[in-house]
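Trainee: Could you take a close look at one strand for me, asking what happens on each of its two faces, and then work outwards from there? I'm new to this, so please explain the terms as you go.

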Amino acid sequence: MSNEAFDDRYELREFAPGTDDKGAPNAETEAWMQAVGLGFHETHPGDEAAARMVEHFVEDGNTWLGAHVRRPAPGSVDETWPAGTFAWFRKPLSWGDGSSIDTQAISAVTVRPTERRRGILRRMMTHALERGVADGYAMASLTASEGTIYRRFGFGCAVRERAVSVRRNRALPFLAPTTGTVSVVTPQWLAGGPARSVFDRFDARTPGSMVRNAGTWPVALGLRNYEGEKAKDVRAAVHRPADSDEVDGYVTWRVKESRDDDTVLEVVDLVYATDAAYLSLWEFLLSIDLNDVVKYNRSRLDDPIVAALGDNRAYDVDHEEDHVWLRVLDVPAVLASRPYAVDGSLTLAVTDALGFASGTYRLDVLEARGRVTRVADDADVAGSDIQLDVADLGALLIGSVSPVTLAAAGLLRAVDAAAPALLRAMLTPPRTPHGITYF
């Protein structure tokens, strides 16, 4: 459909969320939130919860975009609600060595079913990415509700996660003793005390980690449920190293009956600044009586619990899926921002259907830092060691996806098999990439 046809039917409106003089969402903000709720099948929050949500959106620095029908049908929600919604805000991505890069974090993407296949998503995405480039972002990021939407816009899945279950009756004792002490605390104490400093330490040491939205914290710490009401069923505990009062890990959890009559301990949030804290908190969870299974939906792919368990068959992977998707907008800036594991030089030919990152780039790594030179404005296959799409550059960027694997899948091309192997070695992260932040 032509741009003229789109502009005849829709108007894009960009704005910042806000409140009226009584602290409630203003009319434009309320209409946009209603449209998002419809798209994600969410119940509308009460007045108090809605006002609190807007405070969090403002704190995060949200920019909102709506695609509005110019001539709405009488009585339809199109008279006030946008037919498509889109949001973005700043969110740093950790490289795992204490450094990070700011990303244009994209969220709340919906298109009303009556308006599908009219170009709304493409227009909103193009508008947002162009704005991101103008604002100086080198990369965009998102977590997706569906796994097939965003590759066509240049996003690649850079971090995956697992939902796991561990059966208590076969898990303990661990094969090696844990260290430090675990103490039960209240969620209120945790929220007012060490939670954010522990997360900051986790974030700094974990490749692929991203800072949390303001609205995530009350839910993660067990103060409120997803509907914004006060939570009544969440407990909390913290870990301290031996001979120290400093907290280096915490967990929040709830216990509930499952459909198969097992009593399930469900981990709400598990954050750790050290491996010792992670192991000890898991041992604590598996020691809690009157439950059968511990479930955790944010497990990393190389979970050390598997090796620590007395019987590793107690550990089951219930589900695995994509988590963080990355979209490179400025290849030199992104590649120069991250650390590298080995020195080397490679020339990358990058294709990008939207044009932001197309080009041929020489990456020279010396003493763990990269210097990037743009050698051509298009993807010069003949003059490059590796050819790939910008989506696959985003996928392998953190180091959790191997260039060798992408080559085997036919997504990365190289004349010499040594080139993907060298790139894999260069991109090896200090620890396994992992993310526990949704947005």
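Mentor: Let's start with β5, where both faces are covered: Met 139, Ser 141 and Thr 143 on one side are buried, and so are Ala 140 and Leu 142 on the other. "Buried" means under 20% relative accessible area, "exposed" means over 50%, and "partly exposed" is in between, using a 1.4 Å probe and protein chains only. That split into two sides fits a general habit: in a regular strand the side chains alternate between the two faces of the sheet. The strand takes in residues 139–143, and five of its five residues are buried. Strands (E, at least two residues) and helices (H or I, at least four) are DSSP runs, numbered from the N terminus.

Before we move on, keep in mind that this is a predicted model, where local features need pLDDT of at least 70 and side-chain atom pairs count only at pLDDT 80 or more, while totals for chains, interfaces and linings use all residues. Residues are numbered from 1 along each chain as its sequence is written, and side-chain values use heavy atoms, with hydrogens and water left out.

Who sits beside β5? Strand β4 (residues 100–111) runs parallel to β5, and three bridges join the two. Two strands pair if DSSP finds at least two bridges between them. One of the matches is Ala 105, whose bridge partner in β5 is Ser 141.

Now look at Phe 155, which touches Ala 140, Ser 141 and Leu 142, and its other contacts include Ile 106, Met 125, Tyr 150 and Trp 325, leaving out residues up to four places away in sequence. Contact here means heavy atoms within 4.5 Å. Phe 155 also belongs to the largest nonpolar core, where Phe 86, Ile 106, Tyr 150 and Phe 155 touch the most other members out of 68 residues. Helix α4 (residues 120–134) gives the largest share of this core, six residues. A second core of 40 residues lies apart from it, with Ala 236, Trp 253, Leu 270 and Tyr 296 among its members. A nonpolar core is a set of buried Ala, Val, Leu, Ile, Met, Phe, Trp, Tyr and Cys residues joined through side-chain atoms within 4.5 Å. In soluble globular proteins, nonpolar side chains tend to be buried together.

For another example of strands lining up, try the open sheet of five strands, ordered β15-β14-β13-β16-β17 with mixed pairing. β15 (369–376) and β17 (412–413) stand at the edges, each with a single partner strand, so one side of each has no neighbour in the sheet. Strand β16 (residues 386–389) pairs with β17 in the antiparallel sense over two bridges, and Leu 388 stands opposite Leu 412 in β17.

For a contrast with β5, check Thr 181 in strand β7 (residues 181–185). Thr 181 counts as partly exposed because its relative accessible area is 45%. Leaving out residues up to four places away in sequence, Thr 181 touches Val 238, His 239 and Arg 240.

Helices can have buried residues too. In α3 they are Ala 49, Ala 50, Ala 51, Arg 52, Val 54, His 56 and Asp 60, and their cover includes α2 (27–39), β3 (84–94) and α7 (216–220). Arg 52 might catch your eye: it counts as buried because its relative accessibility is 16%. Beyond its neighbours within four places in sequence, Arg 52 is in contact with Arg 224 and Gly 228. Right after α3 comes Gly 61, with a positive phi near 75°.

Last, the rings. The whole structure has 13 aromatic pairs; rings of Phe, Tyr and Trp (its six-membered ring) pair if their centres lie within 6.5 Å, and planes under 30 degrees apart are stacked, over 60 edge-to-face and the rest tilted. Phe 57 and Trp 64 are edge-to-face, 5.1 Å centre to centre with 70° between the planes. Trp 64 is buried, at 0% relative accessibility. Phe 202 and Tyr 272 also form an edge-to-face pair, at 5.3 Å and 70°. That pair links distant parts of the chain, with Phe 202 in helix α6 (residues 195–205) and Tyr 272 in strand β10 (residues 263–272), 70 residues apart.
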